[in-house]
Amino acid sequence: MSSTMRAIVQDAFGGPEVLRLAEVPRPVPLPTEVLVRVHAAGVNPVDWKTRGGYGMAGVLGEPPFILGWDVSGVVEEAGFGVTIFEPGDEVFGMPWFPRQAGAYAEYVTAPARQFARKPRTVGHEAAAGTPLAALTAWQSLIDTARVGSGQRVLIHAAAGGVGHLAVQIARHAGAYVIGTATAAKHDWLRSLGADEVIDYTTTRFEDAVGDVDVVLDLVGDERDHTSTRSLRVLRPGGLLVAVPSGVAPELIDRAREQGVRATGILVEPDGAALARIAELIDKGELWVEVEELFPLAEAAEAHRRGEQGRNRGKIVLSVA
């Protein structure tokens, strides 16, 4: 096996043009780690935010580094102590987040228990589009909000990477699901399980919905004060979970004054939850939409496409 691999490296913060294909040393698994040959890597908003000096740039530090956290591939080597996987196993995961995982590459290493077995019924491209988005939705709705049968859940940006999975996970939990999206995506969201869909370009959502138990805000207060406005639609004791930039102390105070709650969240690696998500995929209860697939060498173009903010579902890099 070669001691090097192809990877997308950036040497400075900036636009998509800072991403370049390079030959770099291949990582070696430590004890309890696996070496995974990457077949596909998901592209997420945190990737291009970090590339520009925001997102997880404060965690990664100054470039050079390799972006990407979503991985689907095949175990090439298992380090000492690994008992749950062996070479040849197909796995997917979101290793190391928010530290560097280096998913835009031919190989990654990470603790074995940050991965799960890839869903049998989908290819590596769909599997690679799953971990970060699905875990964000799962940890927000199931672990944090404890969404259950009969609750009303409002999901902002319901047609995006996290949003379209959140719609399905909330529906699976038995919730009544309301989403915001442009009109062109309404029929698709209904097919995924949304009970109501609001066109945010023509309707103020707080004028159209109320008495909500949980709001999953995938937009943030920076865009039209979405988090702050969401407090108005919550029923007493309801919960706002804000993902993109968390919740400011002032918003927490305002929520408390209104008799509701607000929290931010940052997704964590969780192989056990991914295994449950894989089961839902294999049962046909969860579908991951991959809108566009780019070869690894065109990572910059994938970022340009993602930054337009109009994608339906996920953008994925084909690596193998």
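**Exercise 1. Find which residues of helix H10 are buried in this predicted model, and work out how they are arranged.**

Step 1. Start with the list: Gly271, Ala273, Leu274, Ile277, Ala278, Leu280 and Ile281 of H10 are buried.

Step 2. Now look down the axis of H10: the buried residues fall within an arc of 160°, so they line one face of the helix.

Step 3. A general rule helps here. An α-helix has 3.6 residues a turn, so residues three or four places apart point the same way.

Step 4. Finally, see what this face meets. The buried residues of H10 pack against strands E6 (90-93) and E8 (115-117), and also against helices H4 (131-144) and H5 (161-172).

**Exercise 2. Check the length of H10 and inspect its two ends.**

Step 1. H10 covers residues 271-282, which is 12 residues. At 1.5 Å a residue, the expected span is 16 Å.

Step 2. Compare this with the model: the end C-alpha atoms of H10 are 16 Å apart, which agrees.

Step 3. At the N-terminal end, Asp270 acts as a cap, with a side-chain oxygen 3.2 Å from the backbone nitrogen of Ala272.

Step 4. Just after the helix, Gly284 has a positive phi of about 80°.

**Exercise 3. Decide whether Arg152 has a salt bridge or lacks one, and describe its surroundings.**

Step 1. Place the residue: Arg152 lies in strand E9, residues 152-155, and is buried.

Step 2. Look for an opposite charge. The nearest such side chain, Glu196, is 4.5 Å away, while a salt bridge must be within 4 Å. Arg152 therefore has no salt bridge.

Step 3. Look for another partner: the Arg152 side chain reaches the backbone oxygen of Asp211 at 3.1 Å.

Step 4. Beyond its neighbours within four places in sequence, Arg152 has contacts including Tyr176, Ile178, Val209 and Arg235.

Methods
Residues are numbered from 1 along each chain as its sequence is written. This is a predicted model: local features need pLDDT of at least 70, side-chain atom pairs count only at pLDDT 80 or more; totals for chains, interfaces and linings use all residues. Side-chain values use heavy atoms; hydrogens and water are left out. Helices (H or I, at least four residues) and strands (E, at least two) are DSSP runs, numbered from the N terminus. Buried means under 20% relative accessible area, exposed over 50%, partly exposed in between (1.4 Å probe, protein chains only). Lys and Arg count as positive and Asp and Glu as negative; His and the chain ends are not counted. A polar contact is a pair of N or O atoms within 3.5 Å; within protein, one must be able to donate a hydrogen and the other to accept it, and residues adjacent in sequence count only if both atoms are side-chain atoms. Contact means heavy atoms within 4.5 Å. The expected span of a helix is 1.5 Å times one less than its number of residues. The arc is that of the directions from the helix axis to the C-beta atoms.
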